[in-house]
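The following questions and answers are offered to a first-year student. Each answer proceeds step by step and ends on what was asked.

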Amino acid sequence: MTLVNSADEPFSSDSDELIAVALANEVAKRRNFAIISHPDAGKTTLTEKLLLYGGAIQQAGAVKARGEQRKVTSDWMELEKQRGISITSTVLQFDYSGKTINLLDTPGHQDFSEDTYRTLAAADNAVMLEDAAKGLEPQTRKLFEVCRMRKIPIFTFINKMDRPGQEPLSLLDEIEAELGLLTWAVNWPIGSGEQFRGVIDRHSKDVVLFTRGERGKQSTERHLKLDDLELKELVEDELLNKALEELELLEIAGAEMDLELIHSGELTPVFFGSAMTNFGVRPFLDAFLQMAQGPIGRPSSDGHIDPLRSNFSGFVFKLQANMDPKHRDRVAFVRVCSGRFEKDMTVRHARTGKAIRLSRPQKIFGQDRAVVENAYPGDVIGLNNPGMFAIGDTLYTGKRIEYEGIPCFSPEIFSWLRNPNPSSFKNFRKGVNELREEGAVQILYDTDQSKRDPILAAVGQLQLEVVQHRLENEYGVETRLEPMGYQVARWVSGGWISLEKIGRIFNCKTVQDAWQRPVLLFKNNWNLNQLQEDHPSLELCAVAPVVSGVDPITL
Ligand code: G4P
């Protein structure tokens, strides 16, 4: 990274240079990541322990307690309460070991993985959390694919080592074979389940012994050298020898540690531990901070934007309405990409060209909010959004730039949304348009203009139920869902022209998205494959290409 001002020219004054140095210091301190995992792998537990080490919470259980609080402050989250799930996701910032860490929290339930996809667009690193007994699970694989598209570094934490699990070597093999990722074990477990004694740090060759802490409290950690005689008293020979043999095998046959490969998303450092009992969480956090990449530059309409560019820029990756029903507010979450953000600054909104004064920026920690005075690349700020921001929008100062938007991922269930009461059409329309803007659900439209009812397209059934619930509670319209029976969507890369060229197609329905692009819906993968075999020249895409500078159609 280089220090440049907005015009890429030398600094004109000492104060400019001081500002640039301050920015460089803040950027160097920042680390940001999201956790990807399958439900139940222990994401909430790990998050809580990380916050505990960061001093952001005082006792374990606080994350869940916060969840409880959230359930009472937000009425549309009534559904969360009923189902015992977490839908909302926010950003948790904490300081640890001289670094400022932004943990981009994602919803726990897989039906809301669209939200997770978008959050990953704002993340510089990902932590892939696995249950040692289960290994790779479907949701982790899906989210991993999103990380791979962005080539972000992935750090693997194999959790629940205090319980009987799969052999550590086969867990690594699975990651290599199924995800095509090289692995490098940062530490290696000694025993598992009841016989879990701790880990050997691969670099220092120290044995880190763990004692089970009181539930929720930080465990005490003891570091012993491998040749320390006391070790023999504390760890059974058999367990230690097995771990050492396996480590030797890794030295001979495994990949080598290579920071460049980690940063290009080709090699994953692997950590073994147990979030619940605090085994290995601190060593993970320490090593993660050394290896994770800082805020990265991003491609834009004006080329690559360095985080040290003096002008502020950022993009909206998530919108959330009515987090606090008392205020009926809408919050746009902005990932800061370059420069220093200051409260009350006036920025340009790239899509509309409008100037906006950001007078009440917020830092959001779980459900708590505080006004932000400054923010730096890698941070996330919450802006009050009176309907102006859409997902993917760029905000900037100085020369105009626009970041690449955030792609839409293939939905898996499709349903007509019927409004049985014509007199409430105005509210119905408002609700559908706003929820689409917020990204709560994707909306597709029939190509036949006379059919005005929108098609809700989602990753999971619960996502549809939330939309229905919110339409009723926030917009006062009762709606009916009519499932369409399709399971797969593909965007046609060549647009309407290429679709016309191949003539009539069978076993799929053609609809359009909000940007009037053709989308094909299939009942199953078999029908999709058949179409591709019949028309190999038709290019289909599971991820909608990003559109910029064009307003979407509304209901
Ligand atoms: P999630 O957010 O990924 O869905 O998972 P969460 O942290 O809620 O953890 C799922 C379950 O796994 C919880 O048990 C949790 O206590 C347990 N767990 C997490 N980490 C570990 C670990 O390292 N070892 C063991 N043995 N268990 C772990 P639960 O019974 O569903 O909830 P609770 O009653 O413990 O809160």
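Q: To which backbone nitrogen does the side chain of D393 reach?
A: The model discussed here is predicted. In it, the side chain of D393 comes within 2.8 Å of a backbone nitrogen, and a pair of N or O atoms has to lie within 3.5 Å to be a polar contact. The backbone nitrogen reached belongs to A390.

Q: Is D393 buried or exposed?
A: D393 is placed in the loop between β22 (380-384) and β23. Residues up to four places away in sequence aside, D393 touches G314, F315, V316, H349, R351 and M388. Its relative accessibility is 5%. Because a residue under 20% relative accessible area counts as buried, D393 is buried.

Q: Is E404 buried or exposed?
A: E404 is found in the loop between β23 (394-396) and β24 (408-409). The relative accessibility of E404 is 59%, and the cut-off for this class is over 50%. E404 is therefore exposed.

Q: How far apart are the C-alpha atoms of E404 and D393?
A: Along the chain, E404 and D393 are 11 residues apart. In space, their C-alpha atoms are separated by 9.0 Å.

Q: Where does N102 lie, and is N102 buried or exposed?
A: N102 is part of strand β3 (residues 99-104). Its contacts, with residues up to four places away in sequence left out, include R30, F33, V91 and D379. Because its relative accessibility is 1%, N102 counts as buried.

Q: What is the C-alpha to C-alpha distance between N102 and R31?
A: R31 is one of the residues that N102 touches. In sequence, N102 and R31 are 71 residues apart. In space, from C-alpha to C-alpha, the distance is 6.3 Å.

Q: Which backbone oxygen does the side chain of N102 reach?
A: The side chain of N102 reaches a backbone oxygen at 2.9 Å. The residue concerned is also among those that N102 touches. The oxygen is that of G378.

Q: Which residues come nearest to the ligand?
A: There are 16 residues around the ligand. By class, this shell has four nonpolar, five polar and seven charged residues. Those that come nearest are D40, K43, T44, T45 and D162.

Q: Which helix gives the most to the shell around the ligand?
A: The helix in question spans residues 43-53. It supplies three residues of the shell. This helix is α2.

Q: How much of the accessible area of the ligand does the protein cover?
A: An oxygen atom of the ligand is 2.5 Å from an N or O atom in the side chain of T45, and an oxygen atom of the ligand lies 2.7 Å from a polar backbone atom of K43. A backbone N or O atom of M276 is 3.2 Å from an oxygen atom of the ligand. On its own, the ligand has 710 Å² of accessible area. The share covered by the protein is 71%.

Q: Phi of K160 and phi of N278 are near what values?
A: K160 lies in the loop between β5 (154-159) and α7 (168-179), and at 18% relative accessibility K160 counts as buried. N278 is in the loop between β11 (267-272) and α11 (281-291), and at 0% relative accessibility N278 counts as buried. Neither residue is glycine, yet phi is positive in each. Phi of K160 is near 65°, and phi of N278 is near 70°.

Q: How many residues of helix α5 are buried?
A: Helix α5 runs over residues 113-121 and is mostly covered. Among its buried residues are S113, Y117 and A121. The count of buried residues is nine of nine.

Q: How many disulfides are there?
A: A disulfide needs a pair of cysteine sulfur atoms within 2.5 Å. C147 is buried, at a relative accessible area of 0%, whereas C541 is partly exposed, at 25%. By the distance rule, the count of disulfides is zero.

Q: What percentage of the residues of the chain count as buried?
A: The chain comes to 15 helices and 33 strands. Its accessible surface is about 24,200 Å², of which 48% belongs to carbon and sulfur atoms. Of its 555 residues, the part that counts as buried is 56%.

Notes: Residues numbered from 1 in each chain as written. Predicted model: local features only at pLDDT ≥ 70, side-chain atom pairs only at ≥ 80, totals over all residues. Heavy atoms only, no water. Buried < 20%, exposed > 50% of the residue type's maximum accessible area, 1.4 Å probe, protein only. Near = heavy atom within 4 Å. Polar contact = N/O pair within 3.5 Å; in protein donor to acceptor, adjacent residues only side chain to side chain. Areas by Shrake-Rupley, 256 points an atom, 1.4 Å probe, with all protein chains shown as cover. Helix = DSSP H or I, 4+ residues; strand = E, 2+ residues; numbered from the N terminus. Nonpolar A, V, L, I, M, F, W, Y, C, P; charged D, E, K, R; others polar. Contact = heavy atoms within 4.5 Å.
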